[in-house]
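Please work through the exercises below with the sequence and the structure at hand. Each task is followed by a solution that proceeds step by step.

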Amino acid sequence: MSTLTGTGAMIRLALRRDRILLPVWVYGLTALVVGTAESFARLYPTVASRRQFATGIGSNPAVRAIYGHGFDLTSVGGLTAWRIGGSGAVLVALMSLLVVTRHTRAEEETGRLELLGATVVGRHAGLAAAVAVAVGADLAIGVLTGLGLVGLGLSAAGSFALGLSFGAAGMVFAAVAAVTAQLTGSARAANGIAAGALGAAYLLRAVGDAAGPGGPSWLSWLSPVGWIEQSRAFAGERWWVFGPVAALVAVCLGGSAALAGRRDTGAGLFAERPGPAGGAPRLAGPFALAWRLHRGTLAGWSIGFAVLGVLLGSIASGIGDLVDGSPQVERAVARLGGQGGGSGDIVDAYLAESIGVAGLIAAAYAIQAALRLRAEETAQRAEPVLATPVGRIRWACGHLLFAGAGSAVPLLAVGLGAGVAHGLRTGDLGTQVPRLAGAALVQLPAVWVLAGIAVAAFGLVPQATVAGWAALAACVLVGQLGPVLRLDQWALDVSPFTHLPKLPGGTVAAAPVLVLVGLAAALVLAGLVGLRRRDVG
């Protein structure tokens, strides 16, 4: 029997399990790119307006660090590649690594892959199927993105080069995840290592791009994200760049296949360290245990948010120069958070929109922390804890503390980082730090609502905990694409983030905030009641 026997059946099984999530990813990412291109076509209708925009951003190192460089900003396609190329590649890469880990290491961790392996299924069939599904999704995003941009009237070469860059990013980190899935015994650790590699690649690219010609710009070439940026969509495409990308994918996939053949099913190449015979006093209680389980993740998210805040704050003071001379852009940005049309309103509106995006990202942490309850339950680690005098509610509240209060820490970090960076550039540190920290913390009620949806699903219908992630995806689509697609207000109101005050620069209304807090509390209460009534496991 070949080691790939049964790969087709495993692919069909993976597609069936991801029949909702994958289409959402593919449609959402494609719509985000096409919607961005359509909005740029409206905001910068002439070459003169685009050239003025390009002049404003060319000298800002923070802008180059976030968005990259080497783009032709005098064309709509070049603006689209500049604005969404880097972040889109990261999102596709994140999707791919999660898909591969879900169908490899996570399946082994739950024991399902071992059961399938007892049938007529080869040793490498599960790995090959996971990679095939991820690569298929990457190709779908690349092709649909190219077709969508061509449909807007952009050049075919640039459109498909940008689409291929997204697909290439996904394939690289699908291959990286195929390797990390062989290294550890848990899906969480495998995802963490792969995501860490993605973050390091993005950071190398950012430092190299921000350095400029006189600095260590060569750092960008040490990153596969930097290679993909060098494809130069809409700026004289460099198709040869995809050659090194394909070579890296081939090496990683070959290495993952070799590693998979050298280990036991269910085990990782990194041996797990046995714990001490007795627990430390600091672990006495469900809250102390939750702290032990969540502290590393919380620290990583907080550091990342602090760096993001510094980058966003560094750009803020120059945002007025970027939109100067374009009344359409000024009005569009002002609607996001400003009250008028002056330069101060434009800066506040930019900060309000940026912090709103950070709130959406923070909701992902809150959902992840809340769903750690389900992970502990399915891994059968909850039952030994509940066999002690610890009750279900106390056990759950230990984890929910990090989903609720813990989600305030990354938001505070991004607010402080933005406040310090913006305050230093404007010479008003004492004012900007508290106002931006407060603007970030205002996102908490909406974050809690999404976490509450996950908790309610966990307690009432534990098989449907994906509802938390589905709600987050809906909020991202509504928030990012709603204004572009000119959705009706009732559709925009579906997202709890729509009802938050647009700070800084907007007015504060207590009623919507209190309603969101009450809704989040009701969802959490419903989840806890459901947990008390149902069977564990």
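The exercises concern a predicted model, and they treat a surface patch, a pocket, cavities and selected backbone features.

**Exercise 1. The nonpolar surface patch**

Task: Determine which residues make the nonpolar surface patch and which element gives the most to it.

Solution:

Step 1. The patch covers about 570 Å² and is made by Val143, Leu144, Leu147, Val150, Phe160, Leu164 and Trp239.

Step 2. Two elements give two or more residues to this patch, namely α8 (125-151) and α9 (156-183).

Step 3. Helix α8 gives the most, with four residues.

Step 4. Val143 is one of the patch residues, and it lies in helix α8. A residue enters a patch only with over 30% relative accessible area. Val143 has 44% relative accessibility and therefore counts as partly exposed, since this class lies between the 20% limit for buried and the 50% limit for exposed.

**Exercise 2. The second largest pocket**

Task: Describe the volume of the second largest pocket, then its lining by element and by residue class.

Solution:

Step 1. The volume of the second largest pocket is about 270 Å³.

Step 2. The lining of this pocket comprises 15 residues, and those nearest the centre are Glu108, Leu113, Gly122, Arg123 and Thr265.

Step 3. Helices α7 (112-117) and α8 are the elements that give two or more residues to the lining of the second largest pocket. Of the elements, α7 gives the most, with three residues.

Step 4. By class, the lining of the second largest pocket divides into seven polar, four nonpolar and four charged residues.

**Exercise 3. The largest cavity**

Task: State how many cavities of 30 Å³ or more the model holds, and characterise the largest cavity.

Solution:

Step 1. The count comes to four cavities of 30 Å³ or more.

Step 2. The largest cavity holds about 140 Å³ of space. It is lined by 16 residues, and Phe71, Gly85, Gly86, Ile228 and Glu229 are the closest to its centre.

Step 3. The elements that give two or more residues to the lining of the largest cavity are α5 (76-103), α9 and α11 (224-229). The most comes from α5, with four residues.

Step 4. The lining of the largest cavity has nine nonpolar, four polar and three charged residues.

**Exercise 4. The second largest cavity**

Task: Identify the residues that line the second largest cavity and the element that supplies the largest share.

Solution:

Step 1. About 90 Å³ of space lies in the second largest cavity.

Step 2. The second largest cavity is lined by Met10, Leu13, Ala14, Arg17, His103, Glu107, Leu113, Leu116, Gly126, Ala129 and Ala130.

Step 3. At least two residues of this lining are supplied by each of α1 (7-17), α7 and α8. The largest share, four residues, comes from α1.

Step 4. By class, the lining of the second largest cavity has seven nonpolar, two polar and two charged residues.

Step 5. A link with Exercise 2 can now be drawn: Leu113 lines the second largest cavity, and Leu113 is also among the residues nearest the centre of the second largest pocket.

**Exercise 5. Backbone features in two loops**

Task: Where does Pro504 lie, and what are the phi values of Arg232 and Phe234?

Solution:

Step 1. The peptide bond from Leu503 to Pro504 is cis, with omega near 0°. Pro504 belongs to the loop between α24 (489-492) and α25 (510-533).

Step 2. Arg232, a residue other than glycine, has a positive phi, near 55°. Arg232 is found in the loop between α11 and α12 (242-260).

Step 3. Phe234, likewise not a glycine, has a positive phi of about 65°. Phe234 also has its place in the loop between α11 and α12.

Step 4. The limit for buried is under 20% relative accessible area. Arg232 is at 17% relative accessibility, so it counts as buried. Phe234 is at 12% relative accessibility, so it too counts as buried.

**Exercise 6. Ala521 and a distant sequence position**

Task: Is Ala521 buried or partly exposed, and how many residues separate it from Val449 along the chain?

Solution:

Step 1. Ala521 is located in helix α25.

Step 2. With 45% relative accessibility, Ala521 counts as partly exposed.

Step 3. Ala521 and Val449 are 72 residues apart along the chain, and their C-alpha atoms are separated by 8.0 Å.

Technical notes
Residues numbered from 1 in each chain as written. Predicted model: local features only at pLDDT ≥ 70, side-chain atom pairs only at ≥ 80, totals over all residues. Heavy atoms only, no water. Patch = residues over 30% accessible without salt bridge, like charges linked within 9 Å, V, L, I, M, F, W, Y side chains within 5 Å. Areas by Shrake-Rupley, 256 points an atom, 1.4 Å probe, with all protein chains shown as cover. Salt bridge = Lys/Arg side-chain N within 4 Å of Asp/Glu carboxyl O. Buried < 20%, exposed > 50% of the residue type's maximum accessible area, 1.4 Å probe, protein only. 1 Å grid on protein atoms, 1.4 Å probe; cavity = no way out; pocket = protein on both sides within 12 Å on 5 of 7 lines; lining within 4 Å. Points joined across faces, edges and corners; volume = space filled by probe spheres on them. Nonpolar A, V, L, I, M, F, W, Y, C, P; charged D, E, K, R; others polar.
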